[in-house]
Amino acid sequence: MSKSTLSRRGVLKSGAVAGAGLAVPTIFTGSSVSAFTNDPTGSSVTLGFNVPQTGPYADEGADELRAYELAVEHLNGGGDGGMMNTFSSKALEGAGILGKKVEFVTGDTQTKPDAARASARSMIEKDGAVMITGGSSSGVAVAVQALCQEAGIIFMAGLTHSNDTTGKDKKANGFRHFFNSYMSGAALAPILADRYGKDRKAYHLTADYNWGYTTEEAVRTSTEAMGWETVAAVKTPLAQTDFSSYVAPVLNSGADVLVLNHYGGNMVNSLTSAVQFGLRAAEANGKNFEIVVPLYSRLMARGAGKNVAGIFGSTNWHWSLENVGGAKYAGTNAFVQSFGQKYGFPPSQAAHTVYCQTLLYADAVQRAGSFNPCAVAEALEGYEFDGLGNGPTLYRAEDHQCFKDVLVVKGKENPENEFDLLEIVDVTPVEQVSYDASIFGGELGSCNPGA
Amino acid sequence: MDQIILQILNGLDKGSAYALIALGLTLIFGTLGVVNFAHGALFMLGAFCTVTLSRILTLSHEVIDESRKDFLGNPLKVDVPYIYDWFGESTGAAIIDWAVPLSILFAIPVMIGIGVLMERGLVKHFYNRPHADQILVTFGLAIVLQEIIKYYFGANQIPAPAPEAFVGSFDFGAAVGFDAGAIIYPYWRIVYFCFAMVLIGAVFAFLQFTTFGMVVRAGMADRETVGLLGINIDRRFTIMFGIAAAVAGLAGVMYTPINSPNYHMGMDFLVISFVVVVVGGMGSLPGAVLAGFVLGILESFASMRQVIELLPGINQVVIYLAAIVILLTRPRGLLGRKGVMED
């Protein structure tokens, strides 16, 4: 008869270990059936569109959702096919992805990292989403990207402009089509030096969060390299609504250019204050005073009305690009036609980038012949493509950042309608906005297939 | 020196908005004893009265212009406001240009109506409930109101510019002997400050020099006794709720050229306005106005680059620091009275 070794302490320890194991979310635990998380086994595949449906960026989120729905329609063979007709890869045939009908679920990021992670987690765990995409903020993108890395899901970032997304916070499972702060600075500086001269003194007002810092740094570095001097850089609270007390001292600071490293409501309000305080009409150091907005969003520029007239900035894409830049930017008109016919107005840059991301993901799966995130990542890394509206583009393997031409735009003096707010001043070639992948630090790590 | 004057001027217009919202809050608290967290939403609704009137004035019919193309390459559909057809293009354009001031006339009845409806429909049921219940229900109402606005008007800001006559800035520096351009101040902000002064004066005059105001003041001091005299004080307090809503609404109407309105703008002002009320002294109308201007000016000074470099982050907390100091030294606020909210 053997002696029992069961003790009260042993039972407690075993219980604790078992409890901890059960408490780990199912997305982080192994499965004996599939080689990767949410392997689609039926006749359909589910994509997760995680966009701001409430909160300050809800209008951008709504435009992103329209583009996602259009992309799904095209992937499933509906509509006019949009940019699938101009895309350089012909792997997609309008028969879903790998023959599976594309379905989608949506989540609301609320432009809050915690809420965005919760909705992404729900789409992965409950809805079986095999890919997560979307977002209108870098904070959200970085948070959701990290979650997808842990969960073994591909994350195709939406509108996120901070260097960190594919810099210090980059992940092997995350990919960004949108451009970044560095590219904005590199594209803008030569144009600004050309139009306003090299002897300029800049005053920066910077939103007090991650994106603001990287944008200020990028524009400062680029403009100082052109000979500009930075007189001052002032952080402004993200929740600030009236910027008059920040703008009013600018005219007497010795500066002759005001750079507004603001986005969304901050940009609308600070620009409105700057124009109200007569900065557009003022002179300083014997020159006309100028204002620069490094990142333009057409949707949000509407809020500033006539105040955007004549003000330079950069953008990832614009619906008039093919008309202005020619056939190099093929795909733009196809997408505008497709989107415009369906919804009655031109798409925003947010809509464009998420449409591209959806097609790029589907195409990578099709080329890889698998939904396995590691196979998809391999298909995307170093992938060169064309026909998606931005000209020849590279998905760089080292940091999963897309490299393509960047648009320098200016607020139109006499817009003909509410969509006609920006005019393309210049298209900066990709060579001019490229950089070494190591300058922003971070480690890509290795791809995680999950289950 | 010029920078100091400039920041005082900035503080005055910011303080005007704080004072107007806090004035309405104090009116409601003083008369009904209700802590109304939906008051910021009333400011926002006022701003959207301007947006609504602008849209009404620009209601249009489409005219096809074959000579121009839209973004799809089709003949351009040009929107022609009906008001052009009725009054001619120049008069019609002038009316649209003056949409913001005209919105005052539109907003007064609308905001009084909303105020009365809010009081009769919801707030009156919470008179005898704890302040925590009042805060919860009015805060919930504020969220409902802003979500309704977002549903109909979207999340982005909507421009509502000042009339052309008030676009631009006044060279205050040149006028008072400083260098030209040293102190520039936008015309519309001057208009806003003057408007706030007139509105605050009108509210005080109404309470001070009319029989209605006298009864309301008596009710604020001792509601029970006024009721025992056979006066229907509840009806008067309902009207005061409507007037307080109109004051907040008008503050919102005139604020639209300063900051393009969006659904969230009320929440941005709400917390600060409560701080203003507490600092001014609960139930004190002059206190609310004084604290509005004091905190507005302090906030402006704290936003100066030199101050931020000396005390990083001070621009984000100065109002709350000032509130702490004032409440430690004067526990009832600047002009608070003994016995108000102390039972």
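**Exercise 1.** Which residue stands opposite L394(A) in strand 15 of chain A?

*Solution.* The model is predicted: local features need pLDDT of at least 70, side-chain atom pairs count only at pLDDT 80 or more, and totals for chains, interfaces and linings use all residues. Residues are numbered from 1 along each chain as its sequence is written, with chains lettered from A and ligands numbered from 1 in the order in which they are written.
- Start with the strands, which are DSSP E runs of at least two residues, while helices are H or I runs of at least four, both numbered from the N terminus.
- Strand 14 (residues 393–395) of chain A pairs with strand 15 of chain A in the antiparallel sense over two bridges. Pairing requires at least two DSSP bridges.
- F403(A) stands opposite L394(A).

**Exercise 2.** Place the strands in their sheet.

*Solution.*
- The open sheet of chain A has three strands in the order 13-14-15, with antiparallel pairing.
- Strand 13 (383–385) and strand 15 (402–403) of chain A each have a single partner strand, so one side of each lacks a neighbour in the sheet.

**Exercise 3.** Describe the contact between chain A and chain B.

*Solution.*
- Contact means C-beta atoms, placed from the backbone, within 7 Å.
- Chain B gives 38 residues and chain A gives 38 residues.
- Helix 1 of chain B supplies the largest share of the chain B side, six residues.
- By class, that side has 15 nonpolar, 17 polar and six charged residues. Nonpolar covers Ala, Val, Leu, Ile, Met, Phe, Trp, Tyr, Cys and Pro; charged covers Asp, Glu, Lys and Arg; the others, Gly among them, are polar.

Methods. Two residues are in contact if their C-beta atoms, placed from the backbone, lie within 7 Å.
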